[in-house]
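Good morning, colleagues. Please look at the sequence and the structure as they come up on the screen.

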Amino acid sequence: MNIPLLIAVLIGGIVAGRFLQLPIDSRIASEWVLLILLVLVGILLGADRRALQAIFRVGFRFLLIPLAIAAGSIAGAAVAGLLGGMPVHEAAAVGGGFGWYSLSSVILANSGYPQAGAVALMSNIMREVIALATIPLLARKFGAYFALAPAGATAMDVTLPLIVRSSGAAVGLLAFASGALLSLLVPVVVPLLVRLGG
Amino acid sequence: MDMIWMLAALLAAFLVGLIGKPPKRLVTYIEYALTAVIYFLIFLMGYNLGRDDMIFSRLPQLGAMSLAIAAAAVIGSLAGVFLVHPIVGRYKPHNEASER
């Protein structure tokens with residue numbers, strides 16, 4: 001995804017929403033488009049055998065790392081929501097985006113949570129920026145596992161080159177496996193968490 | 001639409017991708033389609049935000065909340081890794097390293 005283009009499209013949408021009356025019932029349209037989106041994401045994640053191969057090769061005990069990243073992200077986001085006055089289940093769902101801002105935001109916005117969708121977009125873009133800024137230091141001071149934490153789902157694509165450069169080529173497989181598992185979890189945990197609030 | 005159907009569709013699609021082994025060219029087309037769908041949904045999201053005066057006027061607060069959640073999620077994930085990394089043990093890349 002190209003962040004400048006994405007922000008341009010978003011701003012275009014906001015301007016259209018302020019000044020135009022489009023002849024669509026956007027709520028109903030978006031529900032069906034969301035279904036199409038999930039089907040496309042599912043096929044792509046299933047067809048990418050590198051993810052499953054990586055997970056098999058690094059061993060199942062390693063899966064504790066991405067699972068801990070998932071649990072920690074959701075818990076941290078829930079605490080931030082609690083302190084900041086955002087409904088906890090919505091904040092937790094935003095944290096469950098694990099840095100995959102496009103998918104988490106559209107799932108939330110199209111599940112009837114437009115405000116959480118906006119927060120998911122901004123928050124997960126910020127997470128990616130934080131990851132890019134902190135990975136080299138984390139890798140050097142604390143080791144490769146800690147470099148995978150801020151990266152979240154992006155460890156399989158956007159932040160993968162930086163992780164490899166900071167921790168060595170051997171860590172690439174781990175980073176890919178962690179990012180792939182977290183990516184698989186995004187379309188499952190985001191809708192589940194946000195529904196916890198009823 | 002019930003969320004169960006969304007998750008069922010996701011799982012079914014995952015299995016189709018896993019078992020069906022779509023050819024590389026089809027995967028490329030699906031990636032293009034996904035990108036187009038995401039941009040369309042982002043546009044719709046903006047459209048709904050623009051029409052919603054309440055959210056529109058609260059964008060600065062929502063931005064601050066976003067930053068707080070991003071920072072808290074990163075800190076939480078680091079804490080999670082800190083807790084489990086002794087169980088996982090050091091990663092010894094002996095096999096992978098010698099294969100390359």
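I shall speak about chain B, its interface with chain A, one helix of chain A and the aromatic pairs.

First, the conventions. This is a predicted model, in which local features need pLDDT of at least 70, side-chain atom pairs count only at pLDDT 80 or more, and totals for chains, interfaces and linings use all residues. Residues are numbered from 1 along each chain as its sequence is written, chains are lettered from A and ligands numbered from 1 in the order in which they are written, and side-chain values use heavy atoms, with hydrogens and water left out.

Let me begin with chain B. It holds five helices and zero strands, helices being DSSP runs of H or I with at least four residues and strands runs of E with at least two, numbered from the N terminus. Along the sequence, the pattern of chain B reads α-α-α-α-α. Of the 100 residues in chain B, 43% are buried; buried denotes under 20% relative accessible area, exposed over 50%, and partly exposed the range in between, with a 1.4 Å probe and protein chains only.

I turn to the interface. Here 70 residues of chain B are in contact with 87 residues of chain A, where contact means heavy atoms within 4.5 Å. The size of an interface is often given as the accessible area lost when the parts come together. Between chain B and chain A the buried area is about 7,100 Å², that is, the accessible area (1.4 Å probe) that the two parts lose on being put together, summed over both. Carbon and sulfur atoms give 79% of this area.

Which side chains meet in a salt bridge? The count between the two chains is one, and the partners are Arg18(A) and Asp53(B), at 3.0 Å from N to O. The rule asks for a side-chain nitrogen of Lys or Arg within 4 Å of a carboxyl oxygen of Asp or Glu. Across the same two chains, 11 residue pairs are in polar contact, both residues at pLDDT 80 or more. A polar contact is a pair of N or O atoms within 3.5 Å; within protein, one must be able to donate a hydrogen and the other to accept it, and residues adjacent in sequence count only if both atoms are side-chain atoms.

On the side of chain B that touches chain A, the elements giving two or more residues are α1 (3-20), α2 (24-51), α3 (53-57), α4 (59-88) and α5 (94-99) of chain B. The most comes from α4(B), with 23 residues. By class, this side has 49 nonpolar, 12 polar and nine charged residues. Ala, Val, Leu, Ile, Met, Phe, Trp, Tyr, Cys and Pro count as nonpolar, Asp, Glu, Lys and Arg as charged, and the others, Gly among them, as polar.

One residue of chain B deserves a word. Phe14(B) has its place in helix α1 of chain B and is buried, with a relative accessible area of 16%. Leaving out residues up to four places away in sequence, Phe14(B) touches Gly42(A), Ile43(A), Leu45(A), Gly46(A) and Leu184(A).

Next, helix α6 of chain A, residues 101-109. Is this helix enclosed or exposed? Nine of its nine residues are buried, so α6(A) is largely enclosed by the rest of the structure. Within α6(A), Ser104(A) has a relative accessible area of 0%. A polar atom of the Ser104(A) side chain lies 3.5 Å from the backbone oxygen of Tyr101(A). Beyond its neighbours within four places in sequence, Ser104(A) is in contact with Gly97(A), Ala120(A), Asn124(A), Val186(A) and Val190(A).

Ser111(A) follows in the loop between α6 and α7 (114-142) of chain A, and is buried at 15% relative accessible area. A polar atom of the Ser111(A) side chain lies 2.4 Å from the backbone oxygen of Ile107(A). Apart from neighbours within four places in sequence, Ser111(A) contacts Leu34(A) and Arg195(A).

Finally, the aromatic pairs. Over all chains the count is two, taking rings of Phe, Tyr and Trp (its six-membered ring) with centres within 6.5 Å; planes under 30 degrees apart count as stacked, over 60 as edge-to-face and the rest as tilted. The rings of Phe62(A) and Tyr145(A) have centres 6.2 Å apart and planes at 40°, so the pair is tilted. These two residues are 83 residues apart along the chain, and both are buried. The rings of Phe142(A) and Phe146(A), with centres 5.8 Å apart and planes at 50°, also form a tilted pair. Here Phe142(A) is exposed, at 55% relative accessible area, whereas Phe146(A) is buried, at 8%.
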